[in-house]
Structure formats: structure tokens, C-alpha cells
Amino acid sequence: MQHLFKTIEGHTEGMPVRMVIAGAPELYGKTMSERREHFIAEYDWIRRALMLEPRGHAHMSGTLFYPPLTETSDFALIFAETSGCLPMCGHATIGSITFALEQGLIKPKQEGQVTVDVPAGQVTASYQKQGHKIHSVRFTNVPSFLLARGLRMDFKPLGELIFDIAYGGNFYPIIEPQAHYPGCEHFTPAQLLDYGWQLQQQVNHEFSIVHPENPGITGVKHCMWAGKPSDADGRSVVIAGSELIDRSPCGTGTSARVAQRFFKGLLKKHEPFKHESLIGSYFIGRVEEVTVLADGTQAVLPSVEGRAFITGENTIWVNKTEPYWNGFSL
Ligand code: PYC
């Protein structure tokens with residue numbers, strides 16, 4: 001049987017976003033978190049087929065567009081990455097809001113404001129228009145915090161590393177320039193990917209990482225290699241899983257970095273943090289509010305602003321009788 005998916009294709013600051021607007025399966029659950037569990041249990045083949053080769057590629061990233069789940073939201077999203085289904089993805093949120101507005105898929109309840117149900121919670125965003133084009137989107141993320149600071153690990157490829165772990169919708173070990181690591185600009189993307197995957201595995205082996213409010217969110221599935229910016233306040237390259245190098249500065253990664261810097265006294269409330277990516281594109285991060293989690297963990301509500309662009313539309317067929325229908329990666 002042939003399955004057909006219609007997508008809007010584009011990118012957020014250079015990072016692909018493939019948004020499925022037809023062909024997404026019906027999902028059950030009271031929250032997007034429960035619906036994500038349903039998607040993972042029964043429909044992970046859709047993520048694999050649309051994100052991995054031969055229909056996607058190692059750095060593909062996307063969303064499935066759904067009607068809103070809560071009365072106050074404009075639409076809902078499931079995130080589909082090559083590394084799995086994330087609870088939250090910042091660049092894909094900016095891209096999906098831009099695409100939905102420009103293609104007339106949503107009519108925001110309030111002009112200039114959009115609210116989206118995502119597995120990590122409810123995300124609100126504001127947008128700036130330039131004619132018919134959405135110039136930029138700024139979303140306010142879920143509570144973000146510094147989980148651990150000054151962790152030490154003997155990392156075979158480089159030597160002893162000292163790093164922090166921060167949460168911005170996903171957990172990020174943040175490695176800043178230090179004795180055994182001169183900064184991301186001194187490595188090739190392939191080295192950062194290889195070391196990044198090894199580092200994620202070692203961190204998960206040596207440290208127990210659990211979200212203080214949501215025991216379902218555990219471990220690191222990303223890592224952030226920081227370095228010297230060209231014309232910004234910070235630069236980093238985010239690696240997701242074993243395959244993906246983020247071309248954008250990474251929305252959840254920028255949120256984690258903003259939280260890390262705030263709690264280390266390096267960033268003030270409302271102060272912009274211009275965060276540069278591997279390819280020189282930017283997100284602007286900011287602490288909007290300071291908050292506290294139910295268990296007493298100090299957190300911030302960060303916002304992240306960036307631009308997204310539609311590059312086309314696609315109709316994708318998946319026929320389960322054909323070779324590689326389920327995707328592959330090298
Ligand atoms: O923008 O949050 C993000 C993201 C996560 C993985 C790739 N991009």
C-alpha cells in the first residue's frame with residue numbers, strides 16, 4: 001500500500017524543516033506528550049521514512065502539523081528528527097509557525113501571537129511581518145535551567161573536560177573552550193559529530209540525568225561544542241545523536257545556553273544573547289522571566305528569535321513493499 005504525505009519544505013537559519021501537512025496519522029492521548037508516545041509506539045516508521053535517506057538525509061529535521069489540543073492554542077506539533085521524536089525543537093517551532101502563517105494554515109486568535117501545543121508543554125510566540133512574509137518569530141520556551149555545573153570527565157579523544165549540563169527543552173552538555181578543547185572553530189564538522197556522539201554516550205554512562213519535574217525526560221541526546229564567535233556573544237555547534245549537525249544555533253540549545261549563562265551570572269534578565277551557528281547564522285536568546293520548578297529548582301523562561309524561509313512543497317510516497325521504505329542512515 002502506498003502512503004502519501006504532503007509537506008512544506010524550508011529552513012530556519014539554514015537548518016531544514018520538513019513540515020507534514022497531510023498524511024499524518026491520528027494520534028490518541030490527552031496531551032501532546034501522550035500523543036508523542038503513541039506516535040513513537042506505532043508510527044516511528046513515518047519519522048524514519050521522511051527524515052532518513054533516501055527521502056531525507058542525515059541532517060533532516062521536521063514536524064507533523066496537527067489541530068490544536070487546547071482551546072488557547074492555534075495548532076499542535078510532533079517533532080520528527082533523524083535522532084528520534086524530541087519533546088521540543090526550537091528551530092522547527094520557528095519554521096513551522098512561519099510556514100503555517102505564510103501558507104494560511106492558521107488564523108491566530110490574536111494578531112502577532114501564536115500558541116502551539118508541543119510534547120514539552122505549551123509554547124507561545126510572537127512574530128514580525130514584512131508584507132506577506134513573516135520576518136521573524138520569537139518563541140518563549142519551557143522552563144530552562146542549569147542542572148549541573150563544573151562536571152569533570154576523562155574524555156579519551158581530547159583529555160579531561162570540564163562542562164555544565166543545562167536544559168532548554170532537551171538536555172545539553174555545554175563544552176566551552178578550555179585546556180583540552182580550544183573551541184569549535186578548531187575542529188572539522190565531522191570531528192565535532194564524531195566526538196559529540198562519543199561524548200553523549202559517555203555522559204549518559206557516567207551521570208544520571210533526569211528532569212526534576214518530568215521523570216520521562218532523561219539523559220542527553222545532544223551536545224553543544226562552544227567556541228569563539230565572529231560577531232556575536234557566543235557561538236556553538238550542536239550535535240544531535242550520532243548523525244545530525246545543527247546548521248542553526250539550535251533553539252533548545254540556545255535556551256539551555258541562556259539558562260546556563262544566567263545562572264552563572266554572565267547574562268542579565270532581558271539582555272540579548274546573540275548566538276552564532278556553525279554556518280554563521282544567528283538566534284537571539286533572552287531571559288524573559290525567572291521561575292521555580294515544583295521541586296524548588298531555579299529556572300528561567302527563555303525566548304529565542306530567528307527567521308525561517310519556505311523553499312517549496314513536496315509530495316512524498318512511501319510504499320512498504322519497496323526497498324529502504326523505512327529509511328536508512330550510513
Ligand atoms: O532547534 O531545538 C532545536 C533543535 C534540536 C535539534 C536540532 N535542532
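Colleague: Why is Gly-14 called partly exposed?

Modeller: In this predicted model, Gly-14 has 17 other C-beta atoms within 10 Å. A buried residue needs 20 or more, and an exposed one has 12 or fewer. The count of 17 falls in between, so Gly-14 is partly exposed.

Colleague: Where does Gly-14 lie, and what does Gly-14 touch?

Modeller: Gly-14 is in the loop between β1 (2-12) and β2 (15-22). Leaving out residues up to four places away in sequence, Gly-14 touches Arg-247, Ser-248, Ser-277, Ile-279 and Ser-281. Gly-280 is 266 residues from Gly-14 in sequence, and their C-alpha atoms are 9.4 Å apart.

Colleague: What makes Pro-157 exposed?

Modeller: Pro-157 has 12 other C-beta atoms within 10 Å. Exposed means 12 or fewer, so Pro-157 meets the cut-off. Pro-157 sits in the loop between β8 (145-155) and β9 (159-167). Beyond four places in sequence, Pro-157 is in contact with Tyr-195 and Gln-198. The C-alpha atoms of Pro-157 and Val-237 are separated by 18 Å, with their positions 80 residues apart along the chain.

Colleague: Is Glu-322 buried or exposed, and how do you know?

Modeller: Glu-322 has 11 other C-beta atoms within 10 Å. The limit for exposed is 12 or fewer, so Glu-322 is exposed. Glu-322 belongs to the segment after β17 (308-319). Its C-alpha atom is 9.9 Å from that of Gln-2, although the two residues are 320 apart along the chain.

Colleague: What is said of the phi of Cys-250?

Modeller: Phi of Cys-250 is near 75 degrees, which is positive in a residue other than glycine. Most residues other than glycine have a negative phi. Cys-250 lies in the loop between β13 (244-245) and α4. With 33 other C-beta atoms within 10 Å against a cut-off of 20 or more, Cys-250 is therefore buried.

Colleague: Which value does phi take in His-270, and is His-270 buried or exposed?

Modeller: Phi of His-270 is about 70 degrees, a positive value, and His-270 is not a glycine. His-270 has 10 C-beta neighbours inside 10 Å, so the cut-off of 12 or fewer makes it exposed. Its place is in the loop between α4 and β14 (273-276).

Colleague: What makes the peptide bond between Glu-53 and Pro-54 worth a note?

Modeller: The bond joining Glu-53 and Pro-54 is cis, with omega about 5 degrees. Most peptide bonds are trans. Pro-54 lies in the loop between α1 (32-51) and β3 (61-66).

Colleague: Why is α2 called oblique to α4?

Modeller: Helix α2 (residues 90-102) and helix α4 (residues 251-263) pack at an angle of about 125 degrees, and their axes are 5 Å apart. Roughly perpendicular covers 65 to 115, and roughly antiparallel means over 145. The angle fits neither class, so α2 is oblique to α4.

Colleague: Which residues meet there, and of what kinds are they?

Modeller: Gly-90, His-91, Thr-93 and Ile-94 of α2 meet Gly-251, Thr-252, Thr-254 and Ser-255 of α4. The residues of this contact are 1 nonpolar, 7 polar and no charged.

Colleague: Why is strand β12 described as largely enclosed?

Modeller: In β12 (residues 234-240), 7 of the 7 residues are buried, so the strand is largely enclosed by the rest of the structure. In a regular strand the side chains alternate between the two faces of the sheet. In β12 both faces are covered: Gly-234, Ser-236, Val-238 and Ala-240 are buried on one side, and Arg-235, Val-237 and Ile-239 on the other.

Colleague: Which strands pair with β12, including any in the parallel sense?

Modeller: β11 (residues 222-227) pairs with β12 in the antiparallel sense over 6 bridges. Gly-227 stands opposite Arg-235 in that pair. β13 is also antiparallel to β12, over 2 bridges, and Ala-240 stands opposite Leu-244. β14 pairs with β12 in the parallel sense over 2 bridges, where Gly-234 has His-275 as its bridge partner.

Colleague: How many residues lie between the strands in the hairpins β12 forms with β11 and with β13?

Modeller: The hairpin of β11 and β12 has 6 residues between the strands. The hairpin of β12 and β13 has 3, and Gly-241 in the turn has a positive phi of about 65 degrees.

Note on methods
Residues are numbered from 1 along each chain as its sequence is written. Axes are lines fitted to C-alpha atoms, for helices over the stretch in contact, and angles run from 0 to 180 degrees between N-to-C directions. Helices (H or I, at least four residues) and strands (E, at least two) are DSSP runs, numbered from the N terminus. Angles under 35 degrees count as roughly parallel, over 145 as roughly antiparallel, 65 to 115 as roughly perpendicular and the rest as oblique. Two residues are in contact if their C-beta atoms, placed from the backbone, lie within 7 Å. Ala, Val, Leu, Ile, Met, Phe, Trp, Tyr, Cys and Pro count as nonpolar, Asp, Glu, Lys and Arg as charged, and the others, Gly among them, as polar. Two strands pair if DSSP finds at least two bridges between them.
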